[in-house]
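Visitor: I'm new to this one. Could you pick a single part and take me through it closely?

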Amino acid sequence: MRKITIFDTTLRDGEQSPGCSMHLGEKLDIAEALDKLGVDVIEAGFPASSEGEFKAVKEIAGVVKRASVAVLCRCREDDIDKGFDAIKDAVHPRLHIFIATSPVHLNHKLNITQDECIQIIDKYTRYAKKYTDDVQFSFEDASRTPIDFLAKCAQTAVNAGATTINIPDTTGFITPQEFSGMIVYLKKNVKGIDNVTISVHCHDDLGLAVANSLAAAVVGAGQIECTINGIGERAGNAPLEEIAMGIKTRKEYYKLETGIDTKKIYRTSKLVSSIVGIKPSANKAIIGSNAFLHESGIHQHGILQDKATYQIMDPSDIGIPENALVIGKHSGRHAFKDLTVEMGYTLTDEQIDTLFPKFKELADRKKDVSRVDIETLLAGYTRRVIKRIYTLKDYEISAIKNQASATITLESEGKSQTEKMTGDGPIDAGFKAILNITGDFFRLLDYQVHSITEGKDALGEAIVKLTNGKEIMTGKGISTDVMEASLIAYLDAINKLIQYEE
Ligand code: MN
């Protein structure tokens, strides 16, 4: 078995996808979850892009205990200086530098010749090597670069000391047969390539990101770049969960393995989808809500006789909790804490203090509390506490046909303020009353409500996306009452925008 290095770029390419920007605390939570999941490299961001990004990368580098932390840099001295400054305290820092190599990029974006491109690759690889031995060089749009020129680029980076060379299919253009052919060509034609890691970074524009990544790995690529839930630019990146479960489920075929603890996939996927506010489609491989459901009679009959009839993976392999009653309203703080430990969480006493009342509240409203409920509760609240500027203290909402009114009380810095408004509907009235207190400095982009557990007392999750014109922030609220969930989500997004403006 050859081990594939899993390079996760949820925090860099993933965050670049529309509407996926994350708050600092959320990034730290994701970084820790990825570290526990067993990824080998975490790409933390692009420090040269802004001061906020630099600060976020620096903090991420400080919380990651095991994985390498990589930063993306253009071929510029200030990018590389800043990039290394952000990760210098990481346990294993990696500089990831890139330049585009395809004719369309060279001629229309960079306005440089192929010879100039080669000189740049040599110069900046050597520049990055002054900071760390672990230097990855990426050839943006490699899949649309003439293969002889790509080999020349790769040779230059290898000669200059790059330890990983990345072959991205930036536009999601390539097919598995062509892509494996490219890797084979590079292995044959670049001297010393066997001493470096060949990486691939595939986009899903034509639905082939996973197929292309695995085809490359089979012929010798040693690193796959991917993201949780496949988030990323446009159609997204290769989803980590599909890569990891593909390799695990078909290990005899691939003769490959990864360091991913697959039992943490479900949890990590939930965390990321709740933070970015994008729920994977129901039929999404591995983590979609239907991925392990058997609906037709013939299939159900088969499964009851022998799971292997229609199931190639067990839901427990990715850590899907069983939906059985585990804890009730009379359970105490200890029972609750023990359960979170049994479920693999390590929570501080402070976190338990925050979560236990929420659990009690849930147990009061909902008769049966299952592991799925607890998982949901934790996915929503284990995040580092985002500074609350406004908290929802009380509300009273009434609605009859064509007429609704809401009285909302918010608390801020120990002071309460109450506003009453009417609206087209209860949510409209509630949001308007909140605006009267917080001020109207943003625009509502998206508002969704869905149930996240089963039954008539299911937990409802509300997701609100707001923008101040510069940044999009996602707010989330969970409650058995969708009205309350909506108000909490709205306030959550407002609080993040206020902090962003500060
Ligand atoms: Mn990309």
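**Where two helices meet**

Guide: Let's start with a contact: P176, F179, S180 and I183 in α8 meet A211, N212, A215 and A216 in α9. Keep in mind that this is a predicted model. Sorted by type, the residues of this contact come out as 6 nonpolar, 2 polar and no charged. As for the helices themselves, α8 covers residues 176-189 and α9 covers residues 209-218. To picture how two packed helices sit together, people give the angle between their axes and the distance between the axes. Here α8 and α9 pack at an angle of about 35°, and their axes are 8 Å apart. The crossing of the two is right-handed.

Now for what lies along the chain between those two helices. Strand β8 takes in residues 197-202, and H201 is in that strand. H201 is also one of the residues holding the manganese ion: D13 (OD), H201 (NE2) and H203 (NE2) coordinate the ion at 2.0 to 2.3 Å. Written as a spacing along the chain, the donors read D-x187-H-x1-H. D13 sits in helix α1 (residues 10-14), so D13 and H201 tie together parts that are 188 residues apart in sequence. Both D13 and H201 are buried.

So the tour goes from a helix pair, where α8 and α9 cross in a right-handed way, to a manganese ion coordinated by D13, H201 and H203.

Conventions
Residues numbered from 1 in each chain as written. Predicted model: local features only at pLDDT ≥ 70, side-chain atom pairs only at ≥ 80, totals over all residues. Heavy atoms only, no water. Axes fitted to C-alpha atoms, helices over the stretch in contact; angles between N-to-C directions. Helix = DSSP H or I, 4+ residues; strand = E, 2+ residues; numbered from the N terminus. Left-handed = near helix turned anticlockwise from the far one by under 90°. Contact = heavy atoms within 4.5 Å. Nonpolar A, V, L, I, M, F, W, Y, C, P; charged D, E, K, R; others polar. Donors = N, O, S within 2.8 Å, 3.2 Å for Na, K, Ca; no water. Buried < 20%, exposed > 50% of the residue type's maximum accessible area, 1.4 Å probe, protein only.
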